[in-house]
Each structure stands twice: as structure tokens, then as C-alpha cells.
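Here is a short report on a protein–DNA model. It starts with one chain, moves to a DNA strand and ends with the cysteines.

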There are 2 protein chains.
Amino acid sequence: MARRANDSGPETRERALDIAEELVQRRGFNGFSYADIAGRLGITTASLHYHFPGKAELGRSLIQRYAERFAARLAEIEAAIPGARDRLEAYANLYAALLREGRFCLCGVLAAEYETLPAPMQEAVTAFFDQNEAWLTQVLEAGLAEGTLQLSGPAAAAARTIVSGLEGAMLVARPYGEVERFKAAAVQLLESLARAAPV
Amino acid sequence: MARRANDSGPETRERALDIAEELVQRRGFNGFSYADIAGRLGITTASLHYHFPGKAELGRSLIQRYAERFAARLAEIEAAIPGARDRLEAYANLYAALLREGRFCLCGVLAAEYETLPAPMQEAVTAFFDQNEAWLTQVLEAGLAEGTLQLSGPAAAAARTIVSGLEGAMLVARPYGEVERFKAAAVQLLESLARAAPV
DNA sequence: GTCTATAGGCAGATAGAC
DNA sequence: GTCTATCTGCCTATAGAC
């Protein structure tokens with residue numbers, strides 16, 4: 001169905017979240033203001049308060065949407081890519097894509113500012129990491145079952161080290177503006193923690 | 001030499017840096033104010049401006065002192081610990097000690113806020129990572145020469161993956177308040193990237 | 001070195017009109 | 001939904017006295 005002439009397109013609320021997401025990924029939750037978002041939207045901060053009562057609620061909505069979209073991407077990977085090894089590579093590429101735009105994982109930034117976040121945001125941040133670890137654990141276990149991967153310990157432990165290793169690789173690579181730095185670390189990390197089983 | 005009776009002890013400047021360091025490690029550079037430091041010191045913000053003209057200069061001094069102290073610790077490790085494998089473990093323990101106090105690596109936090117930092121601080125952050133990578137590279141190469149370590153690639157590449165892997169392990173472990181999470185990741189990281197050579 | 005006093009700006013937020 | 005107007009508070013910073 002076509003949009004009406006006076007339809008502003010994507011809901012203001014969604015566009016606000018898009019802008020806020022980018023701002024947090026680039027500058028951190030304490031590094032932007034309502035005025036930054038309102039300015040880019042072409043509305044006033046008062047109007048923005050209509051959509052989000054406060055910055056805490058905005059932040060909460062931000063993580064929730066991010067986690068849902070991330071889960072959808074993980075589901076897509078499972079649907080489109082059969083092998084465990086290739087799924088891991090696709091997973092790392094989700095992060096590389098962010099970095100290519102100069103962004104950082106939303107929950108990675110928020111983890112750095114954790115102590116300053118309102119409680120509801122804090123819980124959502126750890127839930128995101130839990131979600132990632134659970135997905136990776138399942139991929140690694142599938143790789144073991146297929147016989148395509150070798151691990152030196154429990155899958156859950158490897159999953160944790162991979163998640164944190166990739167977050168750290170992004171954290172350090174971004175100041176240098178070198179996506180290659182991230183990729184090299186990611187490859188080495190995956191190859192040494194979940195190496196391909198010999199044929 | 002004994003201190004005079006009216007000597008306030010450690011210079012106010014140094015005490016200010018101590019407090020600022022802790023605040024940044026816990027809350028980030030955009031998560032504290034001059035008032036936080038002045039309040040804890042029992043002086044006014046105006047007095048604090050006497051020691052540091054602005055927040056940018058304070059931040060710059062902070063990183064510089066942090067990097068110098070860190071370098072001193074690395075030198076101590078080299079002086080006190082002979083084997084490459086044990087040196088790596090001691091290196092990881094430097095980070096674990098921070099985490100035990102609920103702190104994060106100063107430059108790790110600053111990397112997350114990188115885009116919002118004044119230029120002189122930005123350069124100092126990457127210099128810190130460079131310093132760490134250089135030290136680790138040299139330790140890894142010594143381990144290769146001794147025949148006590150096995151690497152799957154160049155020492156410099158492994159060093160980068162170790163630095164970023166440890167930073168990430170801290171980043172993710174802190175929200176959970178679990179030092180064990182960091183330690184498990186650190187052990188796994190070191191064991192798979194710089195494994196002990198078989199006897 | 002530290003103070004009082006104060007400036008000027010920006011933050012998040014609210015009331016009420018349209 | 002968006003506006004104008006306004007509030008209160010905090011922030012960094014400066015001038016000038018002690």
C-alpha cells in the first residue's frame with residue numbers, strides 16, 4: 001500500500017531510534033543528548049520526549065530492538081549457512097560490518113559505561129551477551145557433532161571467549177580505523193579456539 | 001626525609017589523578033565531572049582548575065601516568081619472572097587485579113569513547129596499545145627462541161589478538177561482576193594462542 | 001594553592017497551546 | 001505529534017581576593 005502524501009514515512013519513533021543507535025555506537029550513551037537526535041530529525045527535544053519519556057526509556061528500547069534484530073540475523077545465518085565453521089565466520093562478519101561504518105557493538109559500548117546506566121539497561125546488556133553465548137555454544141556443539149570442529153574444552157567456555165574476544169578486537173581496532181586489525185584477530189581467534197577438524 | 005607538619009602529603013595533583021583514574025575506569029571519561037574529583041579531595045572545582053586547566057589536560061596526564069606505570073609493571077615482570085609462559089600469565093593478572101576492584105583498563109574505556117575524546121588523548125590511547133603489543137611481541141619471540149612456546153603465526157599477530165582478547169574479556173566480565181569469567185577467558189586465550197611447547 | 005562568586009552553556013525534563 | 005516557553009540543575013571555566 002502506498003503512503004499517504006502527508007505520511008512522514010518511517011515512524012518518527014523508529015527514526016529516532018536509528019539515530020540514537022548510531023550515536024551510542026559512535027559516542028557512547030553519555031556522549032550524546034536529546035538535542036542531537038531532535039536536531040537530526042528536525043523536531044524539538046520536547047517532541048522527542050513525547051516518544052520517549054526519558055533517556056532511560058530510550059536506552060532500554062534501543063537495546064531491545066538491537067537484540068531482536070541481532071537474533072534475527074543469527075536466525076538468518078542458521079537458515080542460509082550449513083557448516084559450523086562458516087557460521088562462525090558469518091558471525092564475525094556481523095561485527096566487521098559495524099566496524100566498517102565506524103560503529104561499535106551497541107552492547108559493547110554500553111558495557112564500558114555499565115556503572116552509569118539505569119538498572120533496566122544494565123540487565124538488557126548482559127541479556128544480550130547471554131543470547132550471543134547461547135547461540136555460539138549451540139553452533140559449536142553442532143560442529144562437534146558434525147565432526148567439523150575441534151575444541152579444547154567445553155563449547156560454552158569457547159563461546160564466551162569468542163564473544164569477548166570479538167568485542168575486544170572491535171574495541172581496539174576502531175581507534176586505529178583499521179577493519180583489517182579486527183579481521184586478523186577474528187580469524188586467529190576462531191582458528192585457534194574452534195579449529196577445523198582434520199579430514 | 002620526614003614530611004613537614006603542614007604538608008598535605010601526596011601532592012594534590014597526584015591525588016586528583018588517583019581519583020580521576022578510578023572514576024574513568026569505573027564510569028568513563030564522559031561519566032564524571034570536576035565536581036566529583038573536587039568533592040572527594042575536599043577542595044573546590046576552581047582549585048582543581050589550578051592544577052589542570054581543563055578536562056582535556058587532565059585526561060592527557062591521566063593516560064600518560066597510566067602508561068608509565070604500566071610500563072614499569074611490565075619491566076618488573078621481566079625482572080622477576082624468567083619464563084615466557086609465566087610472563088604472559090603475570091601480564092593477564094595485571095588486568096585481573098583491576099577487575100577485582102570493579103575497574104576496567106583505562107585505555108580500554110577510553111577506546112570505547114574514542115570519538116568523543118580530544119585529539120591529544122586519542123593519540124595517547126593508541127600509543128598505549130602499541131606499547132602493550134610491542135612488549136607482548138617481544139615476550140612471545142623470547143618464548144619461541146627458548147623453545148617453550150608454540151605459535152601458529154607471527155608473534156606480532158598473536159600479541160595483538162592477546163591484547164584485544166584480554167581487553168574484551170574485561171569488558172564483558174565486568175557487567176557480570178565475575179572475575180572468574182575474565183580468568184577463564186584469559187587462560188583459554190593464552191593456552192590456544194601461545195601454547196606451551198611439548199617437552 | 002585555595003577560596004568566593006559568577007559566568008555561560010547545555011543537559012534532561014515539563015506545562016500547556018496548537 | 002509537534003510546538004513555544006520555561007525550569008532546574010549541572011557542567012566547564014574564569015576573575016580576582018586571600
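In chain A, 53% of the 199 residues are buried. The model is predicted. The accessible surface of chain A amounts to about 8700 Å². Carbon and sulfur atoms hold 53% of that area. Along the principal axes, the C-alpha atoms of chain A occupy a box of roughly 60 × 45 × 30 Å.

Chain A contains 9 helices and 2 strands. Their order along the sequence is α-α-α-α-α-α-α-β-α-α-β. Among contacts in chain A with a separation of 6 or more, 69% link residues 24 or more positions apart.

**Surface near DNA strand D**

There are 17 residues around DNA strand D. By class, the residues of this surface are 7 nonpolar, 9 polar and 1 charged. Which helix gives the largest share of the surface near DNA strand D? Helix 3 of chain A does, with 4 residues. That helix spans 45-51. From chain B, helix 2 (34-41) and helix 3 (45-51) each supply at least two residues.

The protein meets both backbone and bases. Of the strand D atoms within 4 Å of the protein, 65% are in sugar or phosphate. The rest are in bases.

Five residues come nearest to DNA strand D: A:Thr44, A:Ser47, A:His51, B:Ser33 and B:Tyr34. For A:Thr44, A:Ser47 and A:His51, polar contacts with phosphate oxygens of the strand are listed here.

| Residue | Polar atom in the residue | Distance to a phosphate oxygen of DNA strand D |
|---|---|---|
| A:Thr44 | backbone | 2.6 Å |
| A:Ser47 | side chain | 2.7 Å |
| A:His51 | side chain | 2.8 Å |

A:Thr44 thus uses a backbone atom. A:Ser47 uses a side-chain atom, and so does A:His51.

**Cysteines**

How many disulfides does a search of the whole structure find? The count over all chains is 0. Take B:Cys105 as a case. The closest cysteine sulfur to that of B:Cys105 sits in B:Cys107, at 5.3 Å. A disulfide needs the two sulfur atoms within 2.5 Å. The pair is therefore too far apart for a bond. Seen from the other side, B:Cys107 is in no disulfide, and its nearest cysteine sulfur is that of B:Cys105.

Are these two cysteines buried or exposed? B:Cys105 is buried, with a relative accessible area of 0%. B:Cys107 also counts as buried, at 0% relative accessibility.

Terms used:
Residues are numbered from 1 along each chain as its sequence is written. Chains are lettered from A and ligands numbered from 1 in the order in which they are written. This is a predicted model: local features need pLDDT of at least 70, side-chain atom pairs count only at pLDDT 80 or more; totals for chains, interfaces and linings use all residues. Side-chain values use heavy atoms; hydrogens and water are left out. A residue is near a molecule or strand if one of its heavy atoms lies within 4 Å of it. A polar contact is a pair of N or O atoms within 3.5 Å; within protein, one must be able to donate a hydrogen and the other to accept it, and residues adjacent in sequence count only if both atoms are side-chain atoms. Ala, Val, Leu, Ile, Met, Phe, Trp, Tyr, Cys and Pro count as nonpolar, Asp, Glu, Lys and Arg as charged, and the others, Gly among them, as polar. Buried means under 20% relative accessible area, exposed over 50%, partly exposed in between (1.4 Å probe, protein chains only). Contact means heavy atoms within 4.5 Å. Accessible areas come from the Shrake-Rupley method with a 1.4 Å probe; for residues, only the protein chains shown count as cover.
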